[in-house]
Amino acid sequence: MKKIGVALLGLGTVGGGTYRILMNNHDAIAKNDGVDVEIRHIIERDVSKAEALGADLSIVGTDIDKVVNDDKVSVVAEFFGGIEPAKTFLIKCLLAGKSIVTANKELFSKHWPELEEAAKKGKAGLYFEASCVGGVPIIRTLTQSMQGNNILSLMGIVNGTTNFILSKMADEGLEYADVLKEAQRLGYAEADPTADVEGFDSMYKLSILSSLAFRTKVPISKIYREGISKVSKEDIAYGKKFGYELKLLAIAKRNAEGKIEARVHPAFIPASHPLASVKGSFNAVHIVGDNVGDIMLYGRGAGDLPTGSAIVSDIVFAAKQAKPQYAPFKNTEKVSDSGFSSNFYCNYYLRMKVKDEEGVLAKIAGVFGKNHVSINTMIQESDGENAKIIFLIHKTGEKNVKKAMQDVALLPCVESVDAVIRVEE
Ligand code: HSE
C-alpha cells in the first residue's frame with residue numbers, strides 16, 4: 001500500500017467537497033488503487049468550515065510553511081482560486097518537491113510556464129484535471145486517450161453559469177438582465193459575474209484545452225473573446241426559427257493552412273448538434289479526431305462534489321506516477337503570431353433595422369457583394385415605416401463581415417445594426 005500525505009489549501013466549496021470524498025472514499029481508493037491518502041494539513045482561516053466537516057482541528061491552520069516543511073506531504077491540493085497567494089504558495093510547494101493538484105484555471109492559463117519550471121526544478125508533478133469542465137475527465141482524455149489522433153477541432157460549452165442563463169432565456173423567453181438577476185439569487189452567478197458572462201472563464205479553459213489538443217501553447221492572448229451580456233431574447237427567438245440554439249462556445253480548430261484559431265463567443269448551432277441539447281448549468285466538450293471521429297464528454301463543470309471528484313482523481317493519479325510528465329509542447333508565452341489565425345471563417349446571422357423604402361435591399365446587397373459577403377437566407381418584417389431584416393450569411397472570413405457591417409452601418413437607409421452572431425454548422 002502506498003501511503004501519501006496530502007495538504008488542502010482552502011476549504012471552500014471545492015475544498016470541502018474534496019475533503020468529503022477523500023474521507024468517504026478512503027477505503028475504496030485504498031482497495032482499488034493501493035493508495036492510502038492521509039490529509040495532514042488544511043490551510044484555512046475560517047475554522048468553522050473545518051468544524052462543519054468534522055475535520056480534525058489540530059491539522060487546521062494558516063501557516064503554509066508547515067506544509068512545505070512536512071516531508072510526509074507529497075501532494076498539495078489548492079482551492080484558493082485567483083493568482084495570489086495561490087501562485088507564491090504553489091511555487092514554494094513545487095520547489096520543495098511536492099506535486100500540486102488544482103482547479104485554478106486562471107492561474108494555470110496565465111502562469112503555466114512558471115509553474116512548470118518550478119515543478120521541473122523540484123521534480124514534482126502538476127495536475128489540473130479539475131481546472132477545465134469540473135468533474136468531466138477532459139484533461140485525461142486529451143493527454144492519455146487521444147494518442148492515435150490528430151485533433152481537428154475542439155468545441156465546448158465550458159461555463160455553466162452562461163449556459164444556465166442562455167438556456168433560461170431560450171426556454172422562457174426572458175431577457176439577459178432578468179435571468180442574470182435570478183442566476184445570482186440562486187447562487188449560479190457571482191455577485192460580480194464578469195469572469196463568467198464576459199467569457200474570461202471559458203477563455204482560460206480554452207487556453208489549457210486547446211494547448212493540450214494541438215500540442216502547442218495557445219496563450220490567452222491568442223484567443224478571441226466575446227461574452228453573452230449583449231445577447232437578446234429576440235435573436236434567440238429568430239435563431240429558433242432557423243433551427244438554431246444559442247450557446248457560449250469555446251472553439252479551437254486547426255484551419256486548412258495548419259493555423260490555429262481559438263475563440264470564445266456566443267454562437268448559433270443547429271438544434272441537431274449534440275452540444276445543442278446541453279442545457280442549464282451542464283457542460284460538454286465535443287472533440288473531433290482524425291481517426292476516432294466525434295467524441296463528446298458531458299457533465300457537471302462546477303460544484304463541490306463534481307469538481308472534488310476531479311481533484312481526488314488527480315491526487316490518486318499523482319500518487320501512482322513513477323515520474324511526473326510535463327506539457328507535451330514548449331511551454332512558453334512567447335509564441336509566434338504565424339501559428340495563429342484571427343480571420344476565422346464562419347456562417348453569420350445579422351440583424352439590422354432599416355428604413356422601409358425602395359432600393360434599400362439593393363444597397364445592402366451591393367455592400368455585401370463588394371465585401372465578398374454572400375446572402376444565404378433572409379427574413380424581413382416591416383411596420384410600414386421601418387423594417388427589421390435578418391440575414392443568414394454563407395461561410396466567410398470574419399474580416400469580410402466586419403468590414404461589410406461597418407459599411408452597411410454608414411448607409412443612410414440603415415437605422416442600426418443590432419446583432420452579428422456567428423453560426424457554427
Ligand atoms: N464559474 C464556472 C462556471 C465554474 O460557471 O462554469 C468554474 O470555472
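Hi everyone, let me start right at the ligand: one of its oxygen atoms is 2.8 Å from an N or O atom in the side chain of Asp201. Before I go on, please keep in mind that this is a predicted model.

Lys205 makes a contact as well, with its side chain placing an N or O atom 2.8 Å from an oxygen atom of the ligand. Then there is Asp196, where an N or O atom of the side chain is 2.9 Å from a ligand nitrogen. How much of the ligand's accessible area does the protein cover? On its own the ligand has 260 Å² of accessible area, and the protein covers 81% of that.

Let's zoom out a little. The space that the ligand takes is the largest pocket. Two elements give two or more residues to the shell around the ligand, namely helix 8, residues 160–172, and helix 11, residues 200–214. If you want to click along, the residues surrounding the ligand are Lys105, Asn159, Gly160, Thr161, Asp196, Asp201, Lys205 and Ala302. By class, that shell has four charged residues, three polar and one nonpolar.

Now for the aromatic rings. Searching the whole structure turns up twelve aromatic pairs. One of them is Trp112 with Phe128: the ring centres are 5.1 Å apart and the planes meet at 65°, so this pair counts as edge-to-face. What does the pair tie together? Trp112 sits in helix 6, residues 105–122, while Phe128 belongs to the loop between strand 6 (126–127) and helix 7 (138–144), so the pair links parts 16 residues apart in sequence.

I'll finish with the backbone. As a reminder, most peptide bonds are trans, and most residues other than glycine have a negative phi. Here are two spots to look at with that in mind. Glu84 and Pro85 are joined by a cis peptide bond, with omega at about 10°. You'll find Pro85 in the loop between strand 4 (73–78) and helix 5 (86–95). The other spot is Lys123, which is not a glycine and yet has a positive phi of about 55°. Lys123 lies in the loop between helix 6 and strand 6.

Thanks for listening, and I'm happy to take questions!

How values were computed
Residues are numbered from 1 along each chain as its sequence is written. This is a predicted model: local features need pLDDT of at least 70, side-chain atom pairs count only at pLDDT 80 or more; totals for chains, interfaces and linings use all residues. Side-chain values use heavy atoms; hydrogens and water are left out. A residue is near a molecule or strand if one of its heavy atoms lies within 4 Å of it. A polar contact is a pair of N or O atoms within 3.5 Å; within protein, one must be able to donate a hydrogen and the other to accept it, and residues adjacent in sequence count only if both atoms are side-chain atoms. Accessible areas come from the Shrake-Rupley method with a 1.4 Å probe; for residues, only the protein chains shown count as cover. On a 1 Å grid over the protein atoms alone, a cavity is a set of points where a 1.4 Å probe fits but cannot get out, and a pocket is an open set with protein on both sides within 12 Å along at least five of seven lines; lining residues have an atom within 4 Å of a point. A molecule sits in a cavity or pocket if more than half of its atoms lie within 2 Å of its grid points. Helices (H or I, at least four residues) and strands (E, at least two) are DSSP runs, numbered from the N terminus. Ala, Val, Leu, Ile, Met, Phe, Trp, Tyr, Cys and Pro count as nonpolar, Asp, Glu, Lys and Arg as charged, and the others, Gly among them, as polar. Rings of Phe, Tyr and Trp (its six-membered ring) pair if their centres lie within 6.5 Å; planes under 30 degrees apart count as stacked, over 60 as edge-to-face and the rest as tilted.
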